[in-house]
Amino acid sequence: MSRRQHFFINERNQTKIYHLMEHKIPRPFFLEPLKITIGNPLNETYYMMKNIVYREKQILALKRDGDQNTIILVEAKIEEGKLTYISMLTDDVLSDVRKILESCIQ
């Protein structure tokens with residue numbers, strides 16, 4: 001085998017194949033739990049326990065700092081890699097997301 005053939009064989013073995021549909025799947029933005037402070041002028045601290053994507057929306061499961069028994073589900077708006085806004089979920093989305101998260105969060 002010539003040196004030129006060897007180069008092409010190695011080049012082929014190092015080629016990566018990307019599946020377009022896999023890159024179109026929305027992924028959770030936050031991969032690990034984190035602390036979020038929300039509010040102005042009264043700030044409240046929440047702990048994000050889980051981040052999922054549902055209908056191309058970033059959904060966060062939050063627990064309030066002082067109340068460990070209540071989980072709040074919100075939609076996160078992320079712009080330029082930063083969390084800019086959160087809003088409560090609508091009733092039609094809330095029931096579906098709740099079912100998905102029940103098995104994840106105990």
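Start by selecting Glu80: in the hairpin of S4 and S5, which has 2 residues between the strands, Glu80 takes a positive phi near 50°. Keep in mind throughout the tour that this is a predicted model.

**Out along the hairpin**

From that turn, colour S4 and S5. They run antiparallel and are joined by 6 bridges. Now pick Val74 and look across to S5, where Met88 stands opposite. Stay with S5 and select Ser87, which is found in this strand. Is Ser87 buried or exposed? Ser87 is buried, because its relative accessible area is 19% and the cut-off for buried is under 20%. Show its surroundings and, leaving aside residues up to four places away in sequence, you will find Ser87 touching Val74 and Glu75.

**Across to S3**

Return to Val74 and turn to its other neighbour. Which residue has Val74 as its bridge partner in S4? That is Leu60. Select residues 57–64 for S3 and residues 71–79 for S4, and you have an antiparallel pair joined by 6 bridges. Follow the chain from S3 to S4 and you pass through a hairpin of 6 residues.

**The whole sheet**

Now bring in the remaining strands. There are 5 in this open sheet, in the order S1-S2-S3-S4-S5, with antiparallel pairing. Which strands lie at the edges? Select 34–38 for S1 and 82–88 for S5: each of these edge strands pairs on one side only. Tilt the view to look across the strands; on average, neighbours in this sheet are turned by 45° against each other, direction ignored.

**The helix on the sheet**

Next, select residues 91–102, which make up helix H3. This helix packs on the sheet and touches S2 (44–54), S3 and S4. Compare directions, and H3 makes about 90° with S2. If you like a quick check on geometry, take the distance between the end C-alpha atoms of H3: they are 16 Å apart, which agrees with the 16 Å that its 12 residues should span at 1.5 Å a residue.

Which residues of H3 are buried? Show the side chains of Val93, Val97 and Leu101. Look down the axis of H3: the buried residues fall within an arc of 55°, so they line one face of the helix. The general pattern helps here: an α-helix has 3.6 residues a turn, so residues three or four places apart point the same way. Add the sheet back to the view, and you will see the buried residues of H3 packing against S2, S3 and S4. Then spin to the face of H3 turned away from its buried side, where the exposed residues Asp91 and Lys99 sit.

**Last stop: a pair of rings**

Finish with Phe29 and Phe30. The count of aromatic pairs comes to 1. The ring centres of Phe29 and Phe30 are 5.0 Å apart and their planes stand at 90°, so the pair is edge-to-face. Check the accessibility of each partner too: Phe29 is partly exposed, with a relative accessible area of 37%, whereas Phe30 is buried, at 14%.

Note on methods
Residues numbered from 1 in each chain as written. Predicted model: local features only at pLDDT ≥ 70, side-chain atom pairs only at ≥ 80, totals over all residues. Heavy atoms only, no water. Pairing = 2+ DSSP bridges. Helix = DSSP H or I, 4+ residues; strand = E, 2+ residues; numbered from the N terminus. Axes fitted to C-alpha atoms, helices over the stretch in contact; angles between N-to-C directions. Contact = heavy atoms within 4.5 Å. Buried < 20%, exposed > 50% of the residue type's maximum accessible area, 1.4 Å probe, protein only. Phe/Tyr/Trp six-rings, centres within 6.5 Å; stacked < 30°, edge-to-face > 60°. Expected span 1.5 Å × (residues − 1). Arc of directions from axis to C-beta.
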